[in-house]
Amino acid sequence: MPSKILVTGGLGYIGSHTSVELIQQGFEIIIVDDLSNSSTEVLEGIKKITGISPEFIKLDLKNKNEVNQLFDNHPDLTGIIHFAAYKAVGESVNQPLEYYENNIGSLVYLLQAIERKGKKFSFIFSSSCTVYGQADQLPITEQAPIKKAESPYGNTKQIGEDILYDVTRSNALLKVISLRYFNPIGGHPSIEIGELPKGKPQNLVPFITQTAAGIHQKLNVFGDDYPTADGTCVRDYIHVVDLAKAHVVGLKRMLTDEQSENFEVFNLGTGKGNSVLEVIQTFEKVSGVPLNYEIVDRRSGDIVAAYADTSKANKVLGWQAKNDLEVSLKTAWEWEKKVRNI
Ligand code: NAD
Ligand code: WQD
């Protein structure tokens with residue numbers, strides 16, 4: 001397919017895995033990233049897996065002029081996968097303006113640059129299951145009501161989707177797919193790329209692998225008195241490569257004019273919920289490493305349970321997650337061991 005695709009945040013966790021899938025499917029890509037949460041070493045990993053060094057431009061999408069210049073310099077762009085954003089939920093509560101400036105400002109500048117070009121454009125947006133909050137019904141379908149966001153970060157995803165919907169109504173040349181990820185985990189089976197959180201991880205799986213690697217003395221399990229089978233919270237953990245593949249399918253759907261509407265939303269998950277204790281037990285099984293953990297108080301803002309109804313993505317995109325929790329945790333552990341020289 002002779003399409004040149006812009007991947008914003010393409011050196012980050014999900015962006016790097018998606019860049020690999022795009023290259024392997026024959027797309028020519030340009031990665032832009034400001035390196036605020038990644039490093040250029042990721043390019044080496046992408047090259048080792050694919051044999052191709054994608055074009056990389058260090059660029060901060062908050063700079064409107066540079067965004068316009070990027071599109072002027074690359075008139076052959078036909079699509080964009082927009083990963084670039086800040087994503088730390090707790091940090092967003094303390095620094096809401098940084099989050100609105102980056103996550104909303106960058107999106108608006110990209111859309112303005114696209115509109116200036118006055119041609120057909122396909123756009124994939126990284127959204128999140130966080131838009132559902134605690135859904136009233138499980139599994140969660142795309143029709144579930146959007147609840148008031150628990151954090152400025154979550155709000156940037158809701159606002160981002162609203163902006164994109166509005167722009168598809170005013171600009172018939174723009175096609176959008178918003179992908180609502182559940183909990184992405186794991187790394188590439190080649191162990192050349194993976195999740196590289198800066199600072200102390202807030203998410204469960206990197207905290208588990210770092211604890212097993214001896215970086216932290218123990219894992220705190222936030223609450224075991226929730227109304228779930230074992231009292232710990234339930235989430236839908238999806239392997240990052242499965243997630244990455246869905247982006248390629250979505251992009252092809254838009255590029256080949258298969259969309260039924262110019263703005264579409266899909267849940268991306270496995271459809272299966274696992275509790276925190278199940279994740280710990282599965283990790284211990286696949287790694288052979290006993291994990292030091294302690295039950296502590298609930299973490300504020302946590303929802304009880306969330307897992308996806310993936311039937312829309314299964315039917316419409318012909319996509320489904322292939323890797324189970326064991327594979328996901330195994331690749332997360334292999335990556336952690338490589339990073340720590342274990
Ligand atoms: P990440 O932080 O690893 O990747 C984001 C990348 O964007 C980083 O490389 C960062 O340097 C870059 N970036 C940030 N602001 C930028 C800017 N102004 N200009 C250029 N580059 C910029 O995060 P990720 O986990 O790969 O997440 C990718 C996307 O998916 C984000 O939009 C995130 O909100 C969304 N998402 C992530 C999760 C998750 O749990 N990881 C879940 C749901 C949605
Ligand atoms: C999972 C479970 C914790 C850490 C977050 C964002 C959400 C989305 C995905 C971007 C919960 C428990 C965790 C720890 C623990 N990201 N936990 N000890 O909360 O589902 O979602 O990432 O859009 O917006 O909020 O993921 O990995 O933080 O937590 O017990 O040290 O693990 O309480 O039940 P979460 P998580």
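1. Shell of ligand 2, by residue class. In this predicted model, the residues of the shell around ligand 2 fall into nine nonpolar, six polar and three charged. There are 18 residues around this ligand, and those that come nearest are Ser128, Tyr153, Asn220, Arg235 and Asp302. Strand β8, residues 219-222, gives the largest share of the shell, four residues.

2. Polar contacts of ligand 2. Three pairs deserve a look in the viewer. A polar side-chain atom of Arg235 sits 2.5 Å from an oxygen atom of ligand 2. The other two pairs involve the backbone: a polar backbone atom of Leu204 is 2.8 Å from an oxygen atom of the ligand, and a polar backbone atom of Phe222 is 3.0 Å from an oxygen atom of the ligand. Ligand 2 taken alone exposes 690 Å², of which the protein buries 87%.

3. Shell of ligand 1. Here 29 residues surround the ligand, with Asp33, Asn37, Ser38, Asn102 and Tyr153 as the closest. By class, the shell holds 13 nonpolar, ten polar and six charged residues. Tyr153 is thus listed among the closest residues of ligand 1 and also among the nearest of ligand 2.

4. Where the shell of ligand 1 comes from. Four elements each supply at least two of its residues: α1 (13-24), α5 (96-117), β5 (121-128) and α6 (152-170). The largest share, three residues, belongs to β5.

5. Polar contacts of ligand 1. Two side chains face oxygen atoms of the ligand: an N or O atom in the side chain of Asp33 is 2.6 Å from an oxygen atom of ligand 1, and an N or O atom in the side chain of Ser38 is 2.7 Å from an oxygen atom of ligand 1. Asp34 takes part through its backbone, where an N or O atom lies 3.0 Å from a nitrogen atom of the ligand. On its own, ligand 1 has 820 Å² of accessible area, and the protein covers 95% of it.

6. Backbone at Leu35 and Asn341. Most residues other than glycine have a negative phi, and most peptide bonds are trans. Leu35 is not a glycine, yet its phi is positive, at about 65°. Leu35 belongs to the loop between β2 (28-33) and α2 (41-50). Asn341 also has a positive phi, near 55°, and is found in the segment after α11.

7. Cis peptide bond. The bond from Leu138 to Pro139 is cis, with omega near -10°. Pro139 lies in the loop between β5 and α6. Both of these elements also contribute at least two residues each to the shell around ligand 1.

8. Packing of α9 on α11. Two packed helices are described by the angle between their axes and the distance between the axes. For helix α9 (residues 276-287) and helix α11 (residues 325-339), the angle is about 65° and the axes are 9 Å apart. The crossing of α9 and α11 is right-handed.

9. Residues at that helix contact. From α9 come Glu278, Val279, Thr282, Phe283, Lys285, Val286 and Ser287, and these meet Leu325, Glu326, Leu329, Lys330 and Trp333 in α11. Sorted by class, the residues of the contact are six nonpolar, two polar and four charged.

Technical notes:
Residues are numbered from 1 along each chain as its sequence is written. Chains are lettered from A and ligands numbered from 1 in the order in which they are written. This is a predicted model: local features need pLDDT of at least 70, side-chain atom pairs count only at pLDDT 80 or more; totals for chains, interfaces and linings use all residues. Side-chain values use heavy atoms; hydrogens and water are left out. Axes are lines fitted to C-alpha atoms, for helices over the stretch in contact, and angles run from 0 to 180 degrees between N-to-C directions. A crossing is left-handed if the near helix is turned anticlockwise from the far one by less than a right angle, and right-handed if clockwise. Contact means heavy atoms within 4.5 Å. Ala, Val, Leu, Ile, Met, Phe, Trp, Tyr, Cys and Pro count as nonpolar, Asp, Glu, Lys and Arg as charged, and the others, Gly among them, as polar. A residue is near a molecule or strand if one of its heavy atoms lies within 4 Å of it. A polar contact is a pair of N or O atoms within 3.5 Å; within protein, one must be able to donate a hydrogen and the other to accept it, and residues adjacent in sequence count only if both atoms are side-chain atoms. Accessible areas come from the Shrake-Rupley method with a 1.4 Å probe; for residues, only the protein chains shown count as cover.
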